[in-house]
Amino acid sequence: MRLFVLFKAPPEKDLEWDEADVEGQHRFGYRVWRLVTEYIAFSEKNQQGVNRNLRRDIHTAIRNVTEDLGENYRFNTAISELMKLTNALQEGDRHSETYGEGVQTLLKLLFPLAPHLSAELWELLGQTPALHEVPWPVWEAEALTVDEVTIVVQVNGKMRDNIVVPTAQSGDREVLLAKAQEAANAAKFLAGKEIRKVVVVPGKLINLVVA
Amino acid sequence: MKYNPSTVEAKWQQIWAEAGADRGSEDGDRPTFYALGMFPYPSGNLHMGHVRNYTLVDAIARCRRMQGYRVLHPMGWDAFGLPAENAAIERGIPPAVWTHQNIAQMRAQLQALGLSYDWEREVATCDPDYYRWTQWLFLQFWEAGLAYQKEATVNWDPVDQTVLANEQVDSEGRSWRSGALVEKKKLRQWFFKITDYAEALLQDLGTLERWPEKVRAMQANWIGKSLGAELTFAVVGHGHTITVFTTRPDTLGGVSYVVLAPEHPLVEVLTAPAQQETVANFVAEVARESERDRTAEDRPKRGVCLGCTALNPLTGETVPIWIADYVLAEYGTGAVMGVPAHDVRDFAFAQQYGLPVRWVIAPKTGETPTGAYTEPGVMVNSGDLDGMDSVTAKSEVVRRAEAGGWGQGRVQYRLRDWLISRQRYWGCPIPMVHCPNCGAVPVPTEELPVVLPENVAFTGRGPSPLSTLKEWVEVPCPACGTPARRETDTMDTFIDSSWYFLRFADARNQTCLWARSRQRLAARQPVCGGGRARDFAFVVFAVFHQGIARSGAVGF
């Protein structure tokens, strides 16, 4: 019910009651409940490190919900953001530490909107102090940076190695060339040879023609 | 593991209450935030609109708390008003009992929703601890010359011999209880002089950048500023003159008739003997209609002529004098000039009653107008004004009026002074005493509150229950000691609710409305959740701010 009235419309619009939507918000509440309780029961959590993609989803949610609840009072978009984060967690790898960060963040962000449900889950998760005493999460700019891509390194048209570069630089000839020359396996095929020509397919591959 | 909402909700509500998690802290250096929902009328049940607004504000409050703000998030009750009195008349339950039962029920409903209110700051406008300060505010207005008495019309039930609120009159103009046709009656009533602030309010609207455009437009329309002139028409064969307000002095040459409100004091004086019966019937008929009906756009306007004429001060021509239902006595001068050629409503009126139409402004395109032409254009049929741009002619006519002593430029506002007195029981008593020697005398502030007596019988008939309580009404004059009478009118409940957001900052203070030291928690502009329909109350807030500031009693 709380979620329904918040999700339904921006404050300046009039509210229209809709049973199906109330049901939808109920389902969202239960989805969060299931997601978190299943995670509590999951015995292999925190065994792997950081998942950059999931972390980016988490911090994007923090940034957007902070704007929606703290600045623009757009409750419906705040709930959409939380649904997105819930989806990301459902598809995420529960082994990672990042997953734990994601579950905790989801509950913190949900607290103003669905305080009882999130306070209860927070306690079941074994977190102290109680959720109403926990500060609002702060997003990290660094976690928001869009990731890296893998570029294939060819020598004379044959695949010899892979390099990982920031997405923003995946078409930068100088960066790719420098990285390709440092790549261990490719370096074997380049040793003592002269690079005659460099072909770059941005985001995909770099081909070094040598003689 | 299943989610069981009822046990989980009850559990956390108890934990938060015991921890005092929702209390607004007065201490510390952390920033403050005021999350204010409009407090409800305690009808007994929350409706969806309440639930929505309060949930939105609660989400904001909770988020701000987590962000480290000291949050003021209070709740209270707009508890005076007619429904409690009606319940008393219909079911014999005392208004105070009915109201407090409803408050208890709604408080439980709000608590069950888990709304994070600081209940230690709860106020109800019907509690003496609260209305003592409503009365104090009234006295500040009185001292500043902003509260005054004058005659105004009320709805009168001739069968029950009682004053009715607008809500007690049905769509056919009959009393809710007796079924009698409701009459209009004049009573001496209390007003707040909000018209002094019309321009300031309009200017302030411009600074409210974060308000939705729609709401600002509504407010501006309500204030209703128009630039124009007051022009004086001499009545032929009488020593009297009629002053009209017009926003279109440029159309003065096109006047076909002058029209007064049926309640205009000159109507009786000017009516020709042959017209007396017709006029009297028409006046009585209009007296039964509501203001809204009289001015509704989709309704044909009706009028009768008085059988006398007035002189057009610009052209020297004579025009007939009429009265019509669409002219209101309280607005402007209670008289207007009828220019069918350049006003849609006047055109319809002239068609209906066969009055002449004379165009004095023509479109610049050179076309000949046929209906009411309301746009600017070029002056025609206007003697030496012919050929002049009508916008220029507007100021030229005002200049000539001022030079000739028959008029002057004026700014007019639709906003009228606020009629604040009600002939009802369940409201805040107006803290005044009427003395045969001294006139209206304020109750000294140290004697506040003037407590609303509770040993009252309700019949729904006759005078206000308060005025029949001899032991309450009869008091010595505070100034000279002569036997005098308390004011028995109570205040419009909008006054109670116009300042509640201030009291929340210092709800338990017994020595003043709120102490300056407590301002810090509420100093930030509140975030307000409430229905748009009630946004116009903002104007009232603003008037209060200015009125209080003007009295110098509280520094804002």
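**Notebook: chains A and B**

I counted seven residue pairs in polar contact between chain B and chain A, both residues at pLDDT 80 or more. I note at the outset that this is a predicted model.

**Entry: salt bridges.** I looked next for salt bridges across the interface of chain B and chain A. The rule finds two. I wrote down one of them in detail. Glu123(A) bridges to Lys11(B). Their closest N and O atoms are 2.5 Å apart. That falls inside the 4 Å cut-off for a salt bridge.

**Entry: which elements of chain B touch chain A?** I asked which elements give two or more residues to this side. I found helix H1 (5-19) and helix H2 (48-66) of chain B. H2(B) gives the largest share, with eleven residues. I then sorted the residues of this side by kind. They divide into 19 nonpolar, nine charged and four polar.

**Entry: extent of the contact.** How many residues does each chain bring to the contact? I read 37 residues from chain A and 32 residues from chain B. The area buried between the two chains is about 3,100 Å². Carbon and sulfur atoms give 68% of that area. I also checked which residues of chain B lose the most area to chain A. They are Tyr3(B), Arg52(B) and Met66(B). Together they make up 25% of what that side buries.

**Entry: strands in chain B.** I moved on to strand E5 of chain B, residues 147-157. E5(B) pairs with strand E7 of chain B, residues 183-192. The sense is antiparallel, and the pairing runs over ten bridges. I picked out one position: Glu151(B) has Arg188(B) in E7(B) as its bridge partner.

E5(B) also pairs with strand E6 of chain B, residues 162-164. I find this pairing antiparallel too, over three bridges. Here Asn155(B) stands opposite Leu164(B) in E6(B). E5(B) and E6(B) form a hairpin, with four residues between them. I looked at the turn as well. Gln161(B) sits there with a positive phi of about 55 degrees.

**Entry: domains of chain B.** Where do the domains of chain B lie along the sequence? The assignment gives domain 1 as 5-125 + 499-530. It gives domain 2 as 225-413. I noted that domain 1 is written as two segments. I then looked up how far apart the two domains are. Their C-alpha centres lie 52 Å apart.

Technical notes
Residues numbered from 1 in each chain as written. Chains lettered and ligands numbered in written order. Predicted model: local features only at pLDDT ≥ 70, side-chain atom pairs only at ≥ 80, totals over all residues. Heavy atoms only, no water. Contact = heavy atoms within 4.5 Å. Buried area = accessible area lost by both parts, 1.4 Å probe. Salt bridge = Lys/Arg side-chain N within 4 Å of Asp/Glu carboxyl O. Polar contact = N/O pair within 3.5 Å; in protein donor to acceptor, adjacent residues only side chain to side chain. Nonpolar A, V, L, I, M, F, W, Y, C, P; charged D, E, K, R; others polar. Pairing = 2+ DSSP bridges. Domains from an automatic or database assignment.
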